[in-house]
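Colleague: I should like to learn how the features of a model such as this one are read. May we take them one at a time, with the general idea before the case?

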Amino acid sequence: MTDQIWYEDFTPGTVLTSPSRTITLADIDRYADLTGERHPVHMDEEFAKAAGFRGRIAHGLFGLALIEGLKAEIGCFERSVTASLGWDNIRFLAPLEPGDEVHLKLEFVDRRMTSKPGRGIATERGILVKSDGVEVTSGDHKIFLICRPRDGPEEPDQNG
């Protein structure tokens with residue numbers, strides 16, 4: 001596990017990059033099985049081609065979920081982020097296709113302390129990027145981010 005990024009470490013303008021991941025048809029199929037969303041542009045090769053794509057494409061929300069998965073692979077928020085407060089400005093900018101290699105560009109946007117001591121609200125911008133630089137999915141994510149523990153284990157206060 002990498003070092004945690006606590007509220008004090010969250011400096012707007014910082015950019016982190018995740019390891020890469022290659023998208024497969026099996027990923028698309030598993031996402032459809034999990035969610036029940038089986039629009040033919042995701043499941044039917046000929047339909048997707050007739051719709052103007054090279055073939056089947058991944059679900060837009062799969063790309064958004066992948067942002068969170070790739071952020072977890074960076075490994076710096078397991079104990080310091082205690083809640084997701086929502087996403088804003090979500091954009092599906094380009095199709096995500098089987099064979100695409102993608103990574104996450106995670107930019108720290110802003111932060112502020114809450115009225116409750118020991119935690120703040122931070123905004124991070126996640127951008128899913130193909131290996132050729134094309135941006136696929138982007139959005140601003142608000143999170144509860146706790147301050148660095150002073151003593152003892154690095155575990156968040158379970159009483160909120």
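Modeller: A nonpolar core is a set of buried Ala, Val, Leu, Ile, Met, Phe, Trp, Tyr and Cys residues joined through side-chain atoms within 4.5 Å. Please keep in mind that this is a predicted model.

Colleague: How many residues has the largest nonpolar core, and which of them have the most contacts inside it?

Modeller: The largest nonpolar core has 28 residues, and F77, L96 and L128 are those with the most contacts within it. Two or more residues are given to this core by each of α1 (25-35), α4 (60-74), β4 (101-113), β5 (119-130) and β6 (135-146). The largest share, six residues, comes from α4.

Colleague: With which residues is L96 in contact, leaving aside its neighbours within four places in sequence?

Modeller: With those neighbours left aside, L96 is in contact with I23, I57, A58, F62, G63, V102, L128 and V136.

Colleague: Let us turn to aromatic rings. How is a pair of them described?

Modeller: A pair is described by the distance of the ring centres and the angle of the planes. In this model the count comes to three aromatic pairs. For Y31 and F62, the centres are 5.5 Å apart and the planes stand at 70 degrees, so this pair is edge-to-face. The pair links distant parts of the chain, with Y31 in helix α1 and F62 in helix α4, 31 residues apart.

Colleague: Are Y31 and F62 buried or exposed?

Modeller: Y31 counts as buried because its relative accessibility is 15%, and F62 is buried too, with a relative accessible area of 9%. Elsewhere, ring pairs link F10, F77 and F108 into a cluster.

Colleague: Which charged residues lie over the rings of Y7 and F144?

Modeller: R111 lies over the face of Y7, 4.5 Å from the ring centre. Over the ring of F144 sits the charged end of R119, at 4.1 Å from its centre.

Colleague: How should one read a backbone phi angle?

Modeller: Most residues other than glycine have a negative phi. N89 has a phi near 55 degrees, a positive value in a residue other than glycine. N89 lies in strand β3 and is partly exposed, with a relative accessible area of 48%.

Colleague: What can be said of I90, which lies in strand β3 (residues 81-92)?

Modeller: I90 counts as partly exposed, at 27% relative accessibility. Leaving aside its neighbours within four places in sequence, I90 is in contact with L64, S138 and G139. The C-alpha atoms of I90 and G52 are separated by 23 Å, and the two residues are 38 residues apart along the chain.

Conventions:
Residues are numbered from 1 along each chain as its sequence is written. This is a predicted model: local features need pLDDT of at least 70, side-chain atom pairs count only at pLDDT 80 or more; totals for chains, interfaces and linings use all residues. Side-chain values use heavy atoms; hydrogens and water are left out. Buried means under 20% relative accessible area, exposed over 50%, partly exposed in between (1.4 Å probe, protein chains only). Contact means heavy atoms within 4.5 Å. Helices (H or I, at least four residues) and strands (E, at least two) are DSSP runs, numbered from the N terminus. Rings of Phe, Tyr and Trp (its six-membered ring) pair if their centres lie within 6.5 Å; planes under 30 degrees apart count as stacked, over 60 as edge-to-face and the rest as tilted. A charge sits over a ring if NZ of Lys or CZ of Arg is within 6 Å of the ring centre and within 35 degrees of the ring normal.
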